[in-house]
Amino acid sequence: MISYDFDYYQPATIEEAIELFHSLDAQGKNPIYFSGGTEVITLGRLNRILTDAVIDIKAIPECTVLKKEQKRLILGAGLSLTRIRESQLFPFLSKTIAEIADNTARNKITLGGNICANIIYRETVLPLLLTDSQVVIAGQTGIKERPLTKLFDKTLQLEKGEFLVQIITKQSKTKLPFLSVKKRRQWDNGYPLVTTAALKKNGRIKVAFSGLCAFPFYNPQMEESLNDFQLSKEERIEQTLRLIPSPVLDDVHGSAEYRLFVLKNTLSDVLDVFKGVDDLKKS
Ligand SMILES: Cc1cc2nc3c(=O)[nH]c(=O)nc-3n(C[C@H](O)[C@H](O)[C@H](O)COP(=O)(O)OP(=O)(O)OC[C@H]3O[C@@H](n4cnc5c(N)ncnc54)[C@H](O)[C@@H]3O)c2cc1C
């Protein structure tokens, strides 16, 4: 049970949502956007989210779009993870989604809610960062489209009152070879110990991580190191591990040392698999 009352709004347009946010904010109602609602409800029950008004974005048509247009795939922020997975239009994202929560929860959890979630994992961000996806954001000054890699720094950097409307990915990038490896402490679903997402483009391997540090990330220096083919595979991995940009998590799911052990083995597997794919192509 949520111990406080709040108003629920379901605007039908982007403009209405923005206007609502600012007028509710001016009334001191501390409004928040609401998509799948799974986290708002869970954290609301714990009094870790306190609000007098939620603004559900799912009745806004732009937020539930799922279409291919001008060689780009457009995904509305209000689409459920299940809907995206079932469309089979973005295999890399689908693979990451398949490892998040269980079927029942994925029917509710949305892409935008996961990207903007308070929890530290936000795993759907990984394939979107690696495929240079764009985010469409609505705010008081209108709609803007920006590269996710520029706007995602630990969290999606939104100004007050802004919300995520869509994610756009070039279709050519949704077809690149990928790997998504989620290692958990135990069980088949649940939060990750370390999730490693990897993509190969023009002979280079790009990687992004969740569960390793206190936020999901893609780091260009780590990518550079992993692709330094003058070094042996083992040296590349060791060098890459030294470039992790923030302290490695050390918590009930696993110690920092164990996470590094898991990551080292996963990176080795990633390099082997992509090399195997290359060898197959050559033969
Ligand atoms: C059993 C279970 C297991 C899970 N396991 C994992 C896991 O392993 N890895 C993982 O990454 N996730 C996992 N999740 C999901 C994660 O915990 C988040 O709760 C979920 O992604 C939130 O999605 P939602 O659509 O319900 O968001 P909501 O609850 O609607 O919103 C979450 C937050 O995002 C904000 N928000 C929502 N939409 C927008 C928007 N369009 N623009 C701006 N802000 C917005 C809200 O204000 C709120 O602060 C799990 C969830 C469950 C229930």
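**Exercise 1. Is Leu 79 buried or exposed?**

*Solution.* Keep in mind that you are working with a predicted model.

Step 1: find the residue. Leu 79 lies in the loop that runs between strand S5 (72–76) and helix H3 (81–87).

Step 2: take its relative accessible area, which is 5%.

Step 3: apply the cut-off. Buried means under 20% relative accessible area, so Leu 79, with 5%, is buried.

As an extra, set Leu 79 against Phe 261: the two are 182 residues apart in sequence, and their C-alpha atoms are 36 Å apart in space.

**Exercise 2. Describe the shell of residues around the ligand.**

*Solution.* Step 1: count the residues. The ligand is surrounded by 31 residues, and the closest are Tyr 33, Ser 35, Thr 38, Thr 110 and Glu 123.

Step 2: sort the shell by class. It has 17 nonpolar residues, 10 polar ones and four charged ones.

Step 3: ask which elements contribute. At least two shell residues come from each of strand S2 (32–34), helix H2 (38–45), helix H6 (111–115) and strand S10 (163–170).

Step 4: look at the site itself. The ligand takes up the space of the largest pocket.

**Exercise 3. Find polar partners for oxygen atoms of the ligand, then say how much of the ligand the protein covers.**

*Solution.* Step 1: start with the backbone. A polar backbone atom of Gly 36 is 2.9 Å from a ligand oxygen. For Glu 39, a backbone N or O atom lies 2.9 Å from an oxygen atom of the ligand.

Step 2: move on to a side chain. In Asn 118, a side-chain N or O atom is 3.2 Å from a ligand oxygen.

Step 3: turn to the cover. On its own the ligand has 990 Å² of accessible area, and the protein covers 88% of that.

**Exercise 4. For Glu 123 and Glu 162, work out the location, the burial and a side-chain partner.**

*Solution.* Step 1: begin with Glu 123, one of the residues closest to the ligand. Its place is in the loop between H6 and helix H7 (125–130). The relative accessibility of Glu 123 is 4%, so this residue counts as buried. Its side chain joins that of Lys 182 in a polar contact of 2.7 Å.

Step 2: repeat the routine for Glu 162. This residue is in the loop between strand S9 (155–156) and S10. Glu 162 counts as buried because its relative accessibility is 10%. The partner here is Lys 144, whose side chain makes a polar contact of 3.0 Å with the side chain of Glu 162.

Definitions and conventions:
Residues numbered from 1 in each chain as written. Predicted model: local features only at pLDDT ≥ 70, side-chain atom pairs only at ≥ 80, totals over all residues. Heavy atoms only, no water. Near = heavy atom within 4 Å. Polar contact = N/O pair within 3.5 Å; in protein donor to acceptor, adjacent residues only side chain to side chain. Areas by Shrake-Rupley, 256 points an atom, 1.4 Å probe, with all protein chains shown as cover. 1 Å grid on protein atoms, 1.4 Å probe; cavity = no way out; pocket = protein on both sides within 12 Å on 5 of 7 lines; lining within 4 Å. Sits in = over half its atoms within 2 Å of the grid points. Helix = DSSP H or I, 4+ residues; strand = E, 2+ residues; numbered from the N terminus. Nonpolar A, V, L, I, M, F, W, Y, C, P; charged D, E, K, R; others polar. Buried < 20%, exposed > 50% of the residue type's maximum accessible area, 1.4 Å probe, protein only.
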